Structures are given as C-alpha cells and as structure tokens.
Amino acid sequence: QVQLVESGGGLVQSGGSLSLSCAASGRTQPFVVMAWFRQAPGKEREFVSSILWGVVSPSTKYADSVKGRFTISRDNSRNTVTLQMSSLKAKGTAVYYCAHRPAGTSDFSSWGQGTQVTVSS
C-alpha cells in the first residue's frame with residue numbers, strides 16, 4: 001500500500017500562484033505514474049496533470065485547461081511530486097488530490113486525502 005499526503009493548499013487571489021506537494025511513502029515502486037486530480041463543488045473529479053516516475057526524462061501530461069499555467073515535477077530523493085500552479089482562475093477552486101498508479105496498471109490505486117485550493121475573484 002502506498003500512502004500519499006498532500007500539502008500546500010490555501011486561499012489565493014485570481015491570477016496568483018500556489019504550489020502543491022504530494023509525499024509518497026510505503027510500498028512505492030520504481031516506475032509509477034503520479035497524478036493530480038481535482039474536484040470542484042458539485043462537479044465530478046477531473047484529471048489535472050501526471051508525471052511518469054522512475055525514468056531519467058519524465059513524461060508529463062496536462063489537462064488542456066491548465067496547459068501553460070501548471071507545471072508538475074518530482075523529487076525522486078524525497079518521493080515527492082509538486083504541482084506549481086500559476087495564473088490561477090476562480091474555476092480552479094477545488095479539492096486537489098494526489099494519486100498513484102503502478103506502471104503497467106490502468107487504475108490509480110492510491111489517493112491522498114486532498115487539499116483545498118480556493119481562488120478568489
């Protein structure tokens with residue numbers, strides 16, 4: 001089992017920046033996909049960004065709605081994934097979740113508890 005703990009959420013003004021971190025512990029594997037999802041009030045959870053862990057040149061993906069504004073990165077030594085968010089918009093208000101998917105599988109099997117991001121307009 002993998003444990004994920006998010007941190008860094010909070011209140012930010014529209015146009016501002018915020019950085020989220022996800023620390024992974026437990027039975028982590030060499031090659032995994034780490035991702036961020038978010039769920040706004042009354043809406044379904046949606047994909048934000050992901051990064052393939054365990055390779056020299058990480059592969060990243062972004063939702064169209066955050067491309068050019070969000071950057072995902074990793075720190076292998078600390079088993080941490082960071083989501084740097086800039087030019088935040090009010091519609092970015094949501095609970096942000098970190099998720100873990102072992103390589104070769106199709107499901108994100110471990111999830112963090114979520115961290116609230118509120119963007120004021």
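Let me begin with Arg-78 and Asp-75, whose side chains meet in a salt bridge, with 3.9 Å from N to O. Please keep in mind that we are looking at a predicted model. The cut-off for a salt bridge is 4 Å between a side-chain nitrogen of Lys or Arg and a carboxyl oxygen of Asp or Glu, so the pair at 3.9 Å is counted. Arg-78 is exposed, at 65% relative accessibility, whereas Asp-75 is partly exposed, at 28%.

How many salt bridges does the structure hold? There are three. Another of them joins Lys-67 to Asp-64, with the closest N and O atoms 3.2 Å apart. Both of these residues, Lys-67 and Asp-64, are exposed.

The salt bridge between Arg-38 and Glu-46 has its closest N and O atoms 2.6 Å apart. Is Arg-38 buried or exposed? With a relative accessibility of 7%, Arg-38 counts as buried. Its partner Glu-46 has 36% and counts as partly exposed. These two residues also face each other in the backbone pairing, for Arg-38 stands opposite Glu-46 in β5.

That brings me to the strands around this pair. Strand β4, residues 32-39, runs antiparallel to strand β5, residues 46-53, and seven bridges join them. Further along this pairing, Met-34 has Ile-51 in β5 as its bridge partner. The two strands make a hairpin with six residues between them. In the turn sits Gly-42, whose phi is positive, at about 75°.

On the other side of the discussion, what does β5 pair with besides β4? Three bridges join β5 to strand β6, residues 60-62, again in the antiparallel sense. Here Ser-49 has Tyr-62 in β6 as its bridge partner. Strand β4, for its part, also pairs with β9, antiparallel and over eight bridges. Within that pairing, the bridge partner of Val-33 is Arg-101 in β9. Strand β4 is mostly covered, as seven of its eight residues are buried.Strand β9 leads us to the disulfide. A search of the whole structure finds one. Cys-22 and Cys-98 form this bond, with their sulfur atoms 2.0 Å apart. Cys-22 lies in strand β3, residues 18-26, and Cys-98 in strand β9, residues 94-102, so the disulfide ties together parts that are 76 residues apart in sequence. The torsion about the S-S bond is about -80°, and the disulfide is therefore left-handed. Both cysteines, Cys-22 and Cys-98, are buried.

Cys-98 has a further contact, this time through its backbone. The backbone nitrogen of Cys-98 lies 2.8 Å from a polar atom of the side chain of Glu-6. The side chain of Glu-6 also reaches the backbone nitrogen of Gln-113, at 3.0 Å. Glu-6 belongs to strand β1. Which side chain of opposite charge is nearest to Glu-6? That side chain is Arg-45, at 8.9 Å. Glu-6 is thus a buried residue that has no salt bridge.

I turn now to the sheet that contains β1. It is an open sheet of four strands, in the order β1-β3-β8-β7, with antiparallel pairing. Strands β1, residues 2-7, and β7, residues 70-75, stand at the edges with a single partner strand each, so one side of each is left without a neighbour in the sheet. On average, neighbouring strands of this sheet are turned by 20° against each other, direction ignored. Six bridges connect β1 and β3, which pair in the antiparallel sense. As one example of facing residues, Val-5 stands opposite Ala-23 in β3.

Finally, two loop residues deserve mention for their backbone angles. Asn-79 is found in the loop between β7 and β8. Phi of Asn-79 is near 50°, a positive value in a residue other than glycine. Asn-79 is partly exposed, with a relative accessible area of 24%. Ser-87 lies in the loop between β8 and β9. Ser-87 likewise has a positive phi, of about 50°, although it is not a glycine. At 38% relative accessibility, Ser-87 counts as partly exposed.

Terms used: Residues are numbered from 1 along each chain as its sequence is written. This is a predicted model: local features need pLDDT of at least 70, side-chain atom pairs count only at pLDDT 80 or more; totals for chains, interfaces and linings use all residues. Side-chain values use heavy atoms; hydrogens and water are left out. A disulfide is a pair of cysteine sulfur atoms within 2.5 Å. Buried means under 20% relative accessible area, exposed over 50%, partly exposed in between (1.4 Å probe, protein chains only). Two strands pair if DSSP finds at least two bridges between them. Axes are lines fitted to C-alpha atoms, for helices over the stretch in contact, and angles run from 0 to 180 degrees between N-to-C directions. Lys and Arg count as positive and Asp and Glu as negative; His and the chain ends are not counted. A polar contact is a pair of N or O atoms within 3.5 Å; within protein, one must be able to donate a hydrogen and the other to accept it, and residues adjacent in sequence count only if both atoms are side-chain atoms.
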